[in-house]
Amino acid sequence: MNFHVLTLFPEMIENGMNTSITGRAIAKGLLTLEAVNIRDYAFNKHQKVDDYTYGGGAGMLMQAEPVYLAYEAIAERTAKKPRVVYLTPQGQVFNQAMAREMALEEDLVFLCGHYEGIDERVLEEIVTDYVSIGDYVLTGGELPAMVMMDSISRMVPGVLNNQESGETESFAGNLLEYPQYSRPEEWHGKKVPEVLMSGHHANIEKWRREQSIYRTAKRRPDLLKKADLTNKEWNYVRQLRKQWKEEEEQTK
Ligand code: 6GU
């Protein structure tokens, strides 16, 4: 996977990505990262990249030409026309399915805006995907680009040590992960659940599956709708909801 980032703050991207698991993957050559400074493609006296908006109001806008030239410098080196992700609160909300799918690309270009945004005309010409990371406003696209690169990296073969952990965790099958415990066996008076100490693998798997369903029903009922459960498991969910409803009535 080759990540290319168009940004006014390349050091922010480099510092973030060269740390921890993504940093190790870059050192191993499983990922490459190129942060291109859009300012380097502003061929005017003061390397200016922004200007006022036509129609007034709304502060400064990033101009089309430096963004376009920076993009072209990347696209002329990639095997085919790369996907270009523009980070914007107006985009499709990022999720695990999108991370999995984007991890199959050879190259991904991330375009990070600042100020009040970017001239619409260059977006029309180069952007293939408009992506948001949630319904809140940020000052720029750098953090969202790093969020996306982090989750996409995890889906690239070899990046995680235990390749298993790529699938049996939160969002696999639209269920949240079950609770986990390490030593000591008792902490602050709380014991590790008995079944986990039993060494009975079938029972452990059964308990974990039930915990995943319980957690998802409790914390993310919206996710559970998309989960693939057996009839018996759906009955368990109905029983939980009935129980929670009754408990709620009692506290009224
Ligand atoms: Cl992708 N960009 C910006 N600038 N703000 C955001 C966002 C993206 N997602 C949520 N807020």
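Which residue has a backbone N or O atom 2.6 Å from a nitrogen atom of the ligand? I looked this up before the rest, and the residue is Tyr 136.

**Ground rules.** I am working on a predicted model, in which local features need pLDDT of at least 70, side-chain atom pairs count only at pLDDT 80 or more, and totals for chains, interfaces and linings use all residues. Residues are numbered from 1 along each chain as its sequence is written, and side-chain values use heavy atoms, with hydrogens and water left out.

**Ligand contacts.** I listed polar contacts (pairs of N or O atoms within 3.5 Å). Besides Tyr 136, a polar backbone atom of Ile 133 is 3.1 Å from a nitrogen atom of the ligand. For Leu 138, I noted a backbone N or O atom 3.4 Å from a ligand nitrogen. The ligand exposes 290 Å² when taken alone, and the protein buries 95% of that; the areas are Shrake-Rupley values with a 1.4 Å probe.

**Shell.** I then took the residues near the ligand (a heavy atom within 4 Å). Among them are Leu 87, Thr 88, Pro 89, Val 131, Ser 132, Gly 140 and Pro 144. I sorted the shell by class, with Ala, Val, Leu, Ile, Met, Phe, Trp, Tyr, Cys and Pro as nonpolar, Asp, Glu, Lys and Arg as charged, and the others, Gly among them, as polar. The shell has seven nonpolar, four polar and no charged residues. β5 gives the most to this shell, with three residues.

**Pocket.** The ligand sits in the largest pocket, by the rule that more than half of its atoms lie within 2 Å of the pocket's grid points. A pocket here is an open set of points on a 1 Å grid over the protein atoms alone, where a 1.4 Å probe fits, with protein on both sides within 12 Å along at least five of seven lines; lining residues have an atom within 4 Å of a point. I noted a volume of about 560 Å³, which is the space filled by probe spheres set on the points. Of the 26 lining residues, Tyr 86, Leu 87, Thr 88, Pro 89 and Gly 117 are the closest to the centre. By class, the lining has 14 nonpolar, 10 polar and two charged residues. β5 (83-93), α5 (120-126) and β7 (129-132) each supply at least two of the lining residues; helices (H or I, at least four residues) and strands (E, at least two) are DSSP runs.

**Backbone.** I also checked two loops. The peptide bond from Arg 183 to Pro 184 is cis, with omega near 5 degrees. Pro 184 lies between α6 (142-154) and β8 (186-187). Gln 47 has a positive phi, near 50 degrees, and lies in the loop between β2 (32-37) and β3 (50-52).

Conventions:
A polar contact is a pair of N or O atoms within 3.5 Å; within protein, one must be able to donate a hydrogen and the other to accept it, and residues adjacent in sequence count only if both atoms are side-chain atoms.
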